[in-house]
Amino acid sequence: MNNAYNPFAPLICAWEHRTLIARLAKREIDARYRGSMLGVIWAFVVPILMLGVYTFVFSVVFRIRWEVPMEENGAFALLLFSGLIIFNLFSECVTRAPGLMLENVSYIKKVVFPLEIMPWVSMQVALFNAAVSLLILLVFYLVVHGLPPVTVLLLPVVLFPFVLLIVGLGWFLASVGVFLRDVQPLVGVMVTMMMFLSPIFYPLSAIPEAYRGLIQLNPLTPVLNASKSVIFWGQMPEWLDWFLYMVVFWMVGWLGYAWFQKTRKGFADVV
């Protein structure tokens, strides 16, 4: 077990158990599509269908425009789709986290099993789904607008602190969810609120200035803005903003890990 007070403990945990994490994540992805006729192809079909629906509804029915240089048909659908990829990465891990230990009670009873890897397993499954959706987005972008800007290569840099935030929340909620079963529905409501109070369906500039600070407090906001900058506008991330949210998100990841390690001894008494 890593020293929980080491600020690099979340990353050390992922590295030391990388083989087991990958194996459990693969098993979970296989289990999700086992028995269906298309199997893992559903991971591609669902985002393609959703992108088609967004394109029709927002470009043809509502004719919504994002006040940016790309005004061609489908631009709003791509912006919306990119925002939902980021949100789904967050939502898939965080809403599941309170029940994560309860789904794996047999692991809790095993003294030697590294329980702390479960949020990383959940994250790897969510990253697989996000990568598939991102691939579809880039293919659609290539067909409609041509080559994406080279700054899209910075997307992993933009997402790295976000991953630490999600895993940190995963550790905290997985622990609290063992002792307080009411946490799961509350988290579901909170995550839905965060979706509507973030610049997924509208640009930050569309918010009245009096409320803009509230939207900026949402941890999804800086990641959504930075991801759109590198994917669509060809702009570098605001590095000062990136550094600030890296510090805060890293702290959340570290404290979440420390909390989980401190409380895990009590899990076996309540499951």
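The following paragraphs lead from the overall fold of this predicted model to a small group of charged side chains.

The chain is built from twelve helices and has zero strands, so that its elements, read from the N terminus on, follow one another as α-α-α-α-α-α-α-α-α-α-α-α. Its C-alpha trace spans about 55 × 50 × 35 Å along the principal axes, and the radius of gyration of 19 Å agrees with a compact globule, because a globule of 271 residues would be expected near 18 Å. Of these 271 residues, 49% count as buried, and among the contacts between residues at least 6 apart in sequence, 79% join residues at least 24 apart. The surface that the chain exposes amounts to about 14,000 Å², with carbon and sulfur atoms supplying 70% of it.

Turning to charge, the chain carries 17 positive and 14 negative side chains, and the centres of the two sets lie 11 Å apart. Side chains of opposite charge can pair when their charged atoms come close, and the structure holds five salt bridges. One of them joins K26 and D30, with 3.0 Å from N to O; these residues are four apart in helix α2 (residues 18-33) and therefore separated by about one helical turn. K26 counts as exposed at 52% relative accessibility, whereas D30 is partly exposed at 36%.

Another salt bridge, between E28 and R96, has an N to O distance of 2.4 Å and links distant parts of the chain, since E28 lies in helix α2 and R96 in helix α4 (residues 75-96), 68 residues apart. R96 also forms a salt bridge with E103, at 3.0 Å between the closest N and O atoms, and E28, R96 and E103 are thereby linked in a network. Within this network R96 is buried, with a relative accessible area of 19%, while E103 is partly exposed at 46%.

Note on methods: Residues numbered from 1 in each chain as written. Predicted model: local features only at pLDDT ≥ 70, side-chain atom pairs only at ≥ 80, totals over all residues. Heavy atoms only, no water. Helix = DSSP H or I, 4+ residues; strand = E, 2+ residues; numbered from the N terminus. Rg over C-alpha atoms; globule rule 2.2 N^0.38 Å. Buried < 20%, exposed > 50% of the residue type's maximum accessible area, 1.4 Å probe, protein only. Contact = heavy atoms within 4.5 Å. Areas by Shrake-Rupley, 256 points an atom, 1.4 Å probe, with all protein chains shown as cover. Lys, Arg positive; Asp, Glu negative; His and termini not counted. Charge placed at Lys NZ, Arg CZ, Asp CG, Glu CD. Salt bridge = Lys/Arg side-chain N within 4 Å of Asp/Glu carboxyl O.
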